[in-house]
Structures are given as structure tokens and as C-alpha cells.
Amino acid sequence: MDEEYAKFIRRMNPPRVVVDHNASGDATVIQVDSVNKHGILLEVVQVFTDLNLVITKAYISSDGGWFMDVFHVVDRDGKKIRDMEVIENIKRRIEKSASFAPSLRGSVGVMPSEEHTSIELNGTDRPGLLSEVCAILTNLHCNIVNGEIWTHNARAAAVLHVTDDSIGCAVKDAERLTKIKEMLFNILKGDDDLKTAKTTLSPPGVTSRERRLHQIMFADRDYQRFENSSVGQADDQSLRPHVTIMDCDERDYTIITMRSKDRPKLLFDIVCTLTDMQYVVFHGMVKTGRKEAYQEFYIRHVDGLPIGSEAERERIVQCLEAAIQRRASEGLELELCIGDRVGLLSDITRIFRENSLCIKRAEITTKGEKAKDTFYVTDVTGDPVDPKIIDSIRKQIGQTALRVKQNWNFSPKPPEKTKAGLLFGYFFSSRTFQNFKLIRSYS
């Protein structure tokens, strides 16, 4: 009865999306008003993420039965959204998403497909792992058409969309699927990863790829493995985001503030993790500038209670740090744009492996007959790649096919101290802030 009543309320109060190009001088301002429901913030943010739009500021308020958020959005070039097709797509997807009423355990971004088979992988990271996976799939007559690979804290996770190279559609033969799963598992488990390596063949109708990667690595407890990272930037404590947890006793909220290097999809990664950990954002703000992002959220658990123990506080800080760092661009960014063919990714990753490159993250995309892939690479010790090696690889692959985009190695300044709640104080009276008790600061 409660679920039917909720559906009735949503039908009587359809969501409203207002797009304003004049409210800000440097961004398109998008206001979303809707009946509140669990997970709606993630659904809205995912719309912007899927369209490759960047959120520069956000003001979130969903206390009570209504969801009222304002987002300042630009395209990947930092310009306002002028394309009317993109704007209509934003409105259509948000309104459709906000009108749907899934259960609390429902997933976001479900996209059924019979065009490919989705393969999920996780295990211990090591140099050449992606090359071995691609070689196995090529030998099994599978073509990788799309995919994403993340590495973090000595763990690796991937979601790959593959097709049968003879028909260009999903692999459907049960015996063949079992063989694919077994051979990939043997590659992933290595010598000492028998208990934690995992290979899953997902049926049509799966959660969005990026959210699924967060869920895979969260289930793999990559957030607990800081001490296992032995090479490269993972050892540098100054690169970790600055996360602080406080209590707001009078309002029964837990306040989380985060300061980190800014990057695209940062807000999605944070909200995705909070949602999957069963926390609800009631109020919040996001502010970016000078390559740094500040986020402040007032949250409770889905049971209505704030964070109640020191162990829970420490766990959520570790998980948020991991969410920020999983997609952090580490190393040299290489972009491959070339005609697609069966076995292409196997050949490219083999060349990387033979030249002692370690792939930290990768995005695989096929559009029509073109493959457009992005790789973030270091040497096998996690250090910057020798430019002479890159020149040699480009000669093998093609100077125009492989481009050097950007070197993402950086050494940011330590985060500045910020008075808790200062940027978001308009939600509460000054008397409330006198009751804030700083619980612990993790840096």
C-alpha cells in the first residue's frame, strides 16, 4: 500500500526541470524539483555523468518529501550547454528517472542489451594483466567492443562488453560461456589470489558500468588495502583526499566534508558510494575552483539515524577516499583512435606490456568502425614513462593513431583548513553550529 501511494503521489506531482543560461556567467544552471525518493540524487547526477557533462557547483536539499537541487553544469570544454538536443535529453531522462519508483534495493541506470555479453572481473593487479585478459578473449573468438578497467590499492576490476566475433552479437552458447569464465578466472587468480579473484558473466539488464565498478571494488574491500600498495603514487599520503566527519547533534545529521583534486565525475563517485552504503544525503553543497573540489554533505543512514560509532566513521572515510581515488587519473594519458578490428586491443596491450608499461586505468569505446580507447599508464614501478619509450610505441602503432594527451602526475598542496559548516551555514541557525562536535579528522 505504501509503494502504491508513493506511485500515486509521483503521478500527481511530476518532476520539473528548469534550465537557465542567464543565472550564471560561466555555467548552465539546471534546477530539479521532484517528489523525494531514495536514490534520486544519484539518478540525477548519473544523467549528467552519462552525457559527459561537468558539475562545477551544486546545492542539494531533500529534507522531507521534496527534492530540490540546483546544478551548475558545463561541457567537457568548460562551456555552457547550448546544444538543444542535449538539454532536451537531460530533461527527458531526469523526468523519466524521477517518475519511476523502484524498491530501496533497485539499481540505477539499468540498460538491457542483447547486443553484447557483459563480463565482470576482479583480482590482484599486476603488470600485463589486461594484456593477458585481452589475449584470452581474442583466442576464444570474442571481440571487446566497450569496457572500463580500474586499479586501486593493488586490486583490479573491469567491466567488459564483448561480442562473438563471427556474428557481432552477444555470446549465447552456454558451454562457450563457461569456458570463457574458467579461463579468465585462471588468469585472474595468479599464484596467490584463489579466494579473491572473481569472474562473472552478467545477464542482459545490468547496473551502469561505472556504478558496477564501484560496487565490485567496494565488495572486494579495496578501501582497506592502503598498506598493500607498494609502488608509485599510492604511497604518497599527500595525494589522499582530506575527509572530515562531524556531528550535528541538534538536527541529528552527520556532516561529511571532502577536499580533493577536482576532476570530471567526482560527484557521481561520491554519491554512488554513499548510496550503495545505504546513506541518504539530505543537504549538501559542491564547489570547485583552481583544480580543487570542496564537498559538504549532511547525511543519515536509511534507517534515519546519523553515524553512531567510531568504527562506522572510519569505514565511511576509507570508502569515500577509495571512491575518489579509484578514478583519479594517474600517469600518462594516451588516446588511441584507429579502425576497429578483432584482436586490436590484444595487440595494443601486448605492445604496452612488451615495453614495460603498466595500465592503471582504461576506457574502451567502439563507435561504428572506429575504436577510441584511452589508457593511463606508468612504468612497472609506478613512475613516469620514459618519453623515448612512448616515441617507440607510437612508431609501432602509428603516430596519428596514438596520441599523448596529458601527464596527470601531480603534487598538490596540502588541503587548507576550513571551518566546518561555514560554506553551508544558511541551512541552519548560528545556534546550531555551536552544537557541532568535531569527531575526527582523517588526512
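Two strands are said to pair if DSSP finds at least two bridges between them. In this predicted model, β5 and β7 meet that condition with eight bridges, and the two strands run antiparallel. One of the positions that can be followed by eye is L121, whose bridge partner in β7 is A158. Strand β7 also pairs with β6, again in the antiparallel sense, over 10 bridges. Here W150 stands opposite A157 of β7. The hairpin of β6 and β7 has two residues between the strands, and N153 in this hairpin takes a positive phi near 50°.

How many residues of β7 are buried? The count is 10 of 10, and the strand is mostly covered. The cover extends to both faces of β7: R155, A157, V159, H161 and T163 are buried on one side, while A156, A158, L160, V162 and D164 are buried on the other. Charged and polar names thus appear in these lists next to nonpolar ones, with R155 on one face and D164 on the other.

Some overall figures help to place these strands. The protein has 11 helices and 18 strands. Of its 443 residues, 50% count as buried. The exposed surface comes to about 21300 Å², and carbon and sulfur atoms supply 50% of that area. Among contacts between residues at least 6 apart in sequence, 74% join residues at least 24 apart.

Attention can now turn to the helices, beginning with α4, which spans residues 129-139. Its buried residues are L129, L130, S131, V133, C134, I136 and L137. What do these buried residues pack against? Their partners are the strands β5 (117-124), β6 (142-152), β7 (155-164) and β14 (357-364), together with the helices α5 (174-189) and α9 (344-354). The paired strands described above, β5 with β7 and β6 with β7, are therefore among the elements that α4 packs against, where contact means heavy atoms within 4.5 Å. After α4 comes H141, whose phi is positive, near 60°.

Helix α7 (residues 266-276) is largely enclosed by the rest of the structure, because 10 of its 11 residues are buried. The buried set consists of L266, L267, F268, D269, I270, V271, C272, T273, L274 and T275. This helix is followed by Q278, which has a positive phi near 70°.

In soluble globular proteins, nonpolar side chains tend to be buried together. In this model, the largest nonpolar core holds 47 residues, and F48, F71, L274, F297 and I316 touch the most other members. A second, separate core of 44 residues includes L137, L336, A362 and I397. The helices seen above contribute to both: L274, a buried residue of α7, belongs to the largest core, whereas L137, a buried residue of α4, belongs to the second. The surroundings of F71 can be listed in full, not counting residues up to four places away in sequence: T28, V29, I30, V32, L41, V44, V45, F48, I55, K57, A58 and L267. Of these neighbours, F48 is another of the core members named above, and L267 is one of the buried residues of α7.

Individual side chains add detail to this picture. T254 is found in strand β10 (residues 253-261). Is T254 buried or exposed? At 0% relative accessibility, T254 counts as buried, because the cut-off is under 20%. Leaving out residues up to four places away in sequence, T254 touches I245, M246, D247, F297, Y298, I299, P306 and I307. With I307 there is also a polar contact, in which the side chain of T254 reaches the backbone nitrogen at 2.8 Å. F297, another neighbour of T254, is one of the members of the largest core named above.

T381 offers a contrasting setting, in the loop between β16 (370-379) and α10 (387-397). At 39% relative accessibility, T381 counts as partly exposed. Its side chain makes polar contacts with two aspartate side chains, that of D379 at 2.8 Å and that of D383 at 3.1 Å. T381 and C358 are 23 residues apart in sequence, with their C-alpha atoms 8.4 Å apart in space.

The cysteines complete the survey. C358 counts as buried at 6% relative accessibility, whereas C169 counts as partly exposed at 36%. A search of the whole structure finds zero disulfides.

Notes:
Residues numbered from 1 in each chain as written. Predicted model: local features only at pLDDT ≥ 70, side-chain atom pairs only at ≥ 80, totals over all residues. Heavy atoms only, no water. Helix = DSSP H or I, 4+ residues; strand = E, 2+ residues; numbered from the N terminus. Buried < 20%, exposed > 50% of the residue type's maximum accessible area, 1.4 Å probe, protein only. Polar contact = N/O pair within 3.5 Å; in protein donor to acceptor, adjacent residues only side chain to side chain. Disulfide = S-S within 2.5 Å. Areas by Shrake-Rupley, 256 points an atom, 1.4 Å probe, with all protein chains shown as cover. Core = buried A, V, L, I, M, F, W, Y, C linked by side-chain atoms within 4.5 Å.
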